[in-house]
Amino acid sequence: RQTSHAWLSDHIHMAWRGPDIIVLDVLHDAYSCLVGAAEHIRISDAGNAVLAHADILDDLLHAGLITPRPPAIRRTSCPAPTKTLPLHQTTTVSRTLGVALNAVSGGLAFRGRTFAELAVPLPAAQDSQSCPQGFDRLQHQVSAFCMLLPWLPFQGQCLHRAFMLRRLLARRGLSVAWVFGVRTWPFMAHCWLQAGDTLVADDLDRVLGFTPILVV
């Protein structure tokens with residue numbers, strides 16, 4: 001049968017894991033799994049349209065997963081990480097104090113926000129990690145954050161930790177990608193930060209076990 005295409009709804013993101021498709025509904029902060037659906041639903045190269053038979057598209061449309069209209073947002077992506085950002089073993093008192101103050105204000109900013117309110121794009125930073133100065137500043141800021149992390153109350157929560165570090169870096173004029181990934185059987189979700197193909201403050205082997213489903 002002939003296939004047709006439709007666009008993913010703005011709040012819907014999908015990831016293909018073997019025979020299955022994982023669905024993330026950002027508005028409701030909910031994951032679901034379309035078991036065996038990868039054989040019948042394909043993703044376009046642009047990453048925002050799906051191709052399937054008309055009857056399957058009708059089911060997806062009624063479920064609110066797709067729309068016949070072009071998307072209102074531009075979806076972003078990033079390369080798979082190939083290396084981890086090296087950290088400095090020492091830092092300055094001023095950087096540590098800056099991280100601590102950001103943690104206090106960031107904790108208040110995190111509290112009470114929905115997932116849709118947290119996972120939003122940030123304004124483009126003026127500094128760039130592609131230049132030596134920007135990369136060096138990134139190392140210093142992340143190192144200070146990681147040194148203070150054992151004294152912060154949220155170190156085991158990847159969502160809170162990534163939100164705080166991304167917020168800190170943005171306030172220092174440094175932009176990173178916030179990547180959300182999934183795996184199946186058993187299902188797990190994880191999020192991390194990247195600067196290009198450089199993983200920031202996470203374990204490379206662990207991250208490579210997840211398939212990205214959302215990048216902001």
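Proline 186 sits in the loop that joins β9 to β10. In this predicted model, the peptide bond leading into proline 186 from tryptophan 185 is cis, with omega near 0°. Tryptophan 185 belongs to the loop between β9 and β10 as well. Its backbone is unusual too: tryptophan 185 is not a glycine, yet has a positive phi of about 50°. Most residues other than glycine have a negative phi, and most peptide bonds are trans. Tryptophan 185 is exposed, at a relative accessible area of 63%.

A positive phi of about 50° also occurs at aspartate 29, again not a glycine. Aspartate 29 is placed in the loop between β3 and β4, the latter spanning 30-34. With 47% relative accessibility, aspartate 29 counts as partly exposed.

The largest nonpolar core comprises 38 residues. Leu138, Phe145, Leu165, Trp178, Phe180, Ile213 and Leu214 have the most contacts inside it. Helices and strands both feed this core. The helices giving two or more residues are α2 (93-110), α3 (115-118), α4 (132-148) and α5 (158-171). The strands doing so are β3 (20-25), β9 (177-183), β10 (188-195) and β12 (211-215). The largest share, 7 residues, comes from α5. Another core lies apart from this one and has 16 residues. Leu8, Met14, Val50 and Leu60 are among them.

Disulfides were searched for across the whole structure, and 0 were found. For cysteine 33, the closest cysteine sulfur is that of cysteine 158. The separation is 19 Å, so the two are too far apart for a bond. Cysteine 33 is partly exposed, because its relative accessibility is 34%. Cysteine 158 is in no disulfide either. The nearest cysteine sulfur to that of cysteine 158 belongs to cysteine 191, at 3.7 Å. The cut-off for a disulfide is a sulfur pair within 2.5 Å.

Confidence was examined last. The protein chain has a mean pLDDT of 89, and 92% of its residues reach 70 or more. Among the elements of the chain, confidence is highest in β3, at a mean of 98. Confidence is lowest in α2, where the mean is 81. Both elements give two or more residues to the largest nonpolar core. Where pLDDT is low, the predicted coordinates should not be read in detail.

Conventions: Residues are numbered from 1 along each chain as its sequence is written. This is a predicted model: local features need pLDDT of at least 70, side-chain atom pairs count only at pLDDT 80 or more; totals for chains, interfaces and linings use all residues. Side-chain values use heavy atoms; hydrogens and water are left out. Buried means under 20% relative accessible area, exposed over 50%, partly exposed in between (1.4 Å probe, protein chains only). A nonpolar core is a set of buried Ala, Val, Leu, Ile, Met, Phe, Trp, Tyr and Cys residues joined through side-chain atoms within 4.5 Å. Helices (H or I, at least four residues) and strands (E, at least two) are DSSP runs, numbered from the N terminus. pLDDT is the predictor's confidence in each residue, from 0 to 100.
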